[in-house]
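This report introduces a structure to a reader who has not met it before. Please keep the sequence and the model in view while reading.

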Amino acid sequence: MVETPQLVAIAADGSRYTGGAHGEPLVARFVWLPGQNKLLTAKELVPRVEGWVAIGAYVREQLHTSVSVRADADEMPPEERLEFVRNADKMIDEGTEPDADNFAAFQPIVDAQGRITALRFVFPPYQVGPYADGTQTVDVPAAILLPHLAPEYSGLFAKS
C-alpha cells in the first residue's frame, strides 16, 4: 500500500474456488488520486497505443529473461528447454500485447518525497505464464514511462 497526499494505492489479492483443479485468482490494484477524487486507470495514464508498445516491449524483455534464467537453472534437456521457452514466450507475448487492459493492474513505487519512481505491473496466473508460475510482476522505471504518460499525470513521477 502507498499513501501520499497525491495518491493512495491498494493491492487486493485472493482467490475463489468454484471447483476444478485450483481456485480462480483474484488480482486487483487500485490507484486513487485524492486531489482529483478519481481512480487512475492504465488507459488514462498512458492514452496512446504507442506508449503500450514501448512499455510492453520492456515488460516482455524482463519476462523473457526470467524464463530463460529459470530454464537454465532447472538444467532441462535441450528439447524440453526449447519447448518450455517456446510455450512461455507465447504466453508472455499474448499477455503483453499493446493494450491498456493487459496492464490494468499496476501499483506505484514511490521515493521518500512521494514521487513515483516506477510502476509495478501485476499479471495474474495465466496472463503471462501458467497457473503454477503464480502472479508475476515487472517493475517499469519512470524513465521508460515518462515519454508516454498523459501530461496531467507526469507530475506524479520522479524525473531522473
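Leaving aside its neighbours within four places in sequence, which residues is Arg60 in contact with? The model is a predicted one, and in this model Arg60 is in contact with Val53, Ile92, Asp93 and Thr96 once those neighbours are set aside. Arg60 itself is found in helix α2, which covers residues 49–73.

A second residue to follow is Gln107, whose place is in strand β5, residues 106–110. Its side chain is joined to that of Arg29 by a polar contact of 2.4 Å. When residues up to four places away in sequence are not counted, Gln107 touches Ala11, Arg29, Ala118, Leu119, Arg120 and Val122.

Two pairs of residues can be described both by their separation along the chain and by their C-alpha distance in space, as the table sets out.

| Pair | Separation in sequence | C-alpha to C-alpha distance |
|---|---|---|
| Arg60 and Glu97 | 37 residues | 9.2 Å |
| Glu3 and Gln107 | 104 residues | 11 Å |

Glu3, which appears in the table with Gln107, lies in strand β1, made of residues 2–3. Because its relative accessibility is 60%, Glu3 counts as exposed.

Ile10 lies in strand β2, which spans residues 8–16. With a relative accessibility of 43%, Ile10 is therefore counted as partly exposed. Together with Met1, Phe30, Trp32 and Leu39, Ile10 makes a nonpolar surface patch of about 520 Å².

Methods:
Residues numbered from 1 in each chain as written. Predicted model: local features only at pLDDT ≥ 70, side-chain atom pairs only at ≥ 80, totals over all residues. Heavy atoms only, no water. Helix = DSSP H or I, 4+ residues; strand = E, 2+ residues; numbered from the N terminus. Polar contact = N/O pair within 3.5 Å; in protein donor to acceptor, adjacent residues only side chain to side chain. Contact = heavy atoms within 4.5 Å. Patch = residues over 30% accessible without salt bridge, like charges linked within 9 Å, V, L, I, M, F, W, Y side chains within 5 Å. Areas by Shrake-Rupley, 256 points an atom, 1.4 Å probe, with all protein chains shown as cover. Salt bridge = Lys/Arg side-chain N within 4 Å of Asp/Glu carboxyl O. Buried < 20%, exposed > 50% of the residue type's maximum accessible area, 1.4 Å probe, protein only.
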